[in-house]
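Grab your viewer and work through these exercises one at a time. Each has a task, then a solution in steps.

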Amino acid sequence: MVNPKSICEKLDRRLSAVLGSRIVILNYHHVLASRQDLFNICVAPKNFEAHLEFLKRRYRVLGLSELLGLLKIGKIPHRAVVLTFDDGYSDNYLNAVPLLEKYRMPATFFVTTQHLDTLEEFWWDGIQRLALSLKKFPEKVHLEISGEDCELALGSSPEPTLRLLSQKMYSLEEESRRRLLQELFRKCGVRDEPRAEYRCFSSEELFLISKNPLFEMGAHTVSHRSLKSLPLETQRMEILASKKCLEEIIQKTIRHFAYPFGTPEHYTPETQRLVQACGFKSACTVGSSAVNPDSPLFGLCRLAVGDGPATSFSQKLAECFHS
Ligand SMILES: [Zn+2]
């Protein structure tokens with residue numbers, strides 16, 4: 001006779017074996033309360049703490065370098081996750097780091113270096129600020145993007161057009177992005193004043209974070225352009241200069257890299273080889289898959305985390321483990 005209990009135990013062991021060979025790398029951006037989040041990149045500090053509380057109870061949180069060591073020997077602990085943060089926002093220092101320290105959780109911060117020590121916002125945060133600034137946008141605005149006249153339909157629901165505009169700026173040089181945004185603000189009749197709470201790390205904040213052995217810094221290029229569209233030499237400059245800049249500030253070797261925008265349409269196999277040739281040990285992407293011992297070290301997939309309580313977070317995490 002078949003014993004249902006033994007079947008359940010067998011299934012549970014098989015599930016554990018599957019889960020045990022997988023790990024989910026989580027990808028956060030801002031840890032900041034936001035009124036309207038056009039790009040779904042802000043997690044409110046209270047929700048972030050709920051995520052950490054949940055992880056503390058149910059999962060083991062590893063550092064990225066620790067994960068690499070375990071991947072090499074094919075030994076992934078059961079129910080393990082890695083925490084990463086992209087872009088280098090000061091709110092990571094002010095809001096995320098104290099909570100990570102409270103829960104004693106390791107994390108890696110991938111930093112884009114161009115806005116360090118400035119009050120400037122990334123262009124996508126500038127676009128989000130514009131979306132928040134006006135109740136009624138002009139129906140149409142004309143902008144010149146890469147030499148072409150583009151008509152932007154804004155009006156009463158500008159969000160889809162503004163998201164599209166952000167995508168058109170993925171490959172542009174920083175100066176072109178800045179000019180374009182200034183022009184857009186001017187045509188919409190809004191004053192262009194960056195918000196201090198959206199600024200990037202200062203060198204001092206970077207240095208202070210890096211002193212804690214729980215935390216690692218990783219490179220995320222100089223100007224956060226889509227690497228695939230750039231000549232290889234420009235890609236090399238973006239990758240290597242961000243590494244050197246961070247190493248100079250924290251006085252430690254930078255081992256890990258994350259591709260800007262992260263999905264496969266923003267890098268190529270040549271980019272991956274270039275990252276390796278620049279002396280990195282791993283590179284992270286963005287997607288919805290868990291990592292296993294067969295995952296390529298220069299294509300480690302991460303799950304982007306949006307705002308929400310522990311319930312929706314835990315569901316998304318479980319889905320990724322089973323993907
Ligand atoms: Zn990024």
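How many bridges join E6 to strand E9 (residues 215-219), and in which sense do the two strands run? Keep in mind that this is a predicted model.

**Exercise 1. Place E6 among its partners.**

Start with the question just asked: five bridges join E6 to E9, and the two strands run parallel. For a landmark on that side, find Val-111, which stands opposite Ala-219 in E9.

Next, go to E5. Four bridges link E5 to E6 (residues 107-111), again with the strands running parallel. Two pairs help you line them up: Phe-85 has Phe-109 as its bridge partner in E6, and Asp-87 stands opposite Val-111.

Now trace the connection. E5, helix H4 (residues 90-102) and E6 make a β-α-β unit, and the unit is right-handed.

Last, check the burial. Ala-107, Phe-109 and Val-111 point one way from E6, Thr-108 and Phe-110 point the other way, and all are buried. That makes five of five residues buried, so E6 is largely enclosed by the rest of the structure.

**Exercise 2. Do the same for E5, working out from its other pairings.**

Begin with strand E1 (residues 23-28): E1 and E5 pair in the parallel sense over six bridges. Here Tyr-28 stands opposite Phe-85 in E5.

Then take strand E4 (residues 60-62), which pairs with E5 over three bridges, also in the parallel sense. Leu-62 has Val-82 of E5 as its bridge partner. Between these strands comes the connection: E4, helix H3 (residues 64-73) and E5 make a right-handed β-α-β unit.

Finish with burial. Eight of the eight residues of E5 (residues 80-87) are buried, so this strand is largely enclosed by the rest of the structure.

**Exercise 3. Find the residues with the most contacts inside the largest nonpolar core.**

As background, nonpolar side chains in soluble globular proteins tend to be buried together.

Step one is the core itself: the largest has 66 residues, and those with the most contacts inside it are Ile-23, Val-24, Ile-25, Leu-26, Val-81, Val-82 and Ala-283.

Step two, zoom in on Val-81. Skip its neighbours within four places in sequence, and Val-81 is in contact with Ile-23, Val-24, Leu-26, Leu-55, Tyr-59 and Val-61.

Step three, look elsewhere: a second, separate core has 15 residues, including Leu-38, Trp-124, Leu-165 and Met-169.

**Exercise 4. Classify Leu-71: buried, partly exposed or exposed?**

First locate Leu-71, which lies in helix H3. Now count: Leu-71 has 19 C-beta neighbours inside 10 Å. Buried needs 20 or more, so Leu-71 counts as partly exposed.

For a sequence-versus-space check, pick Leu-297. Leu-71 and Leu-297 are 226 residues apart in sequence, yet their C-alpha atoms are 8.9 Å apart.

**Exercise 5. Test the length of helix H11 and sort out its faces.**

Length comes first. At 1.5 Å a residue, the 12 residues of H11 (residues 310-321) should span 16 Å, and the end C-alpha atoms are 16 Å apart, which agrees.

Now the faces. Phe-313, Leu-317, Cys-320 and Phe-321 are the buried ones to mark in H11. Seen down the helix axis, the buried residues fall within an arc of 100 degrees, so they line one face of H11. Over on the other side of H11, Thr-311 and Gln-315 are exposed.

Conventions. Residues numbered from 1 in each chain as written. Predicted model: local features only at pLDDT ≥ 70, side-chain atom pairs only at ≥ 80, totals over all residues. Expected span 1.5 Å × (residues − 1). Buried ≥ 20, exposed ≤ 12 C-beta atoms within 10 Å, placed from the backbone. Arc of directions from axis to C-beta. Pairing = 2+ DSSP bridges. Right-handed = clockwise from strand over helix to strand, strands pointing away. Core = buried A, V, L, I, M, F, W, Y, C linked by C-beta atoms within 7 Å. Contact = placed C-beta atoms within 7 Å.
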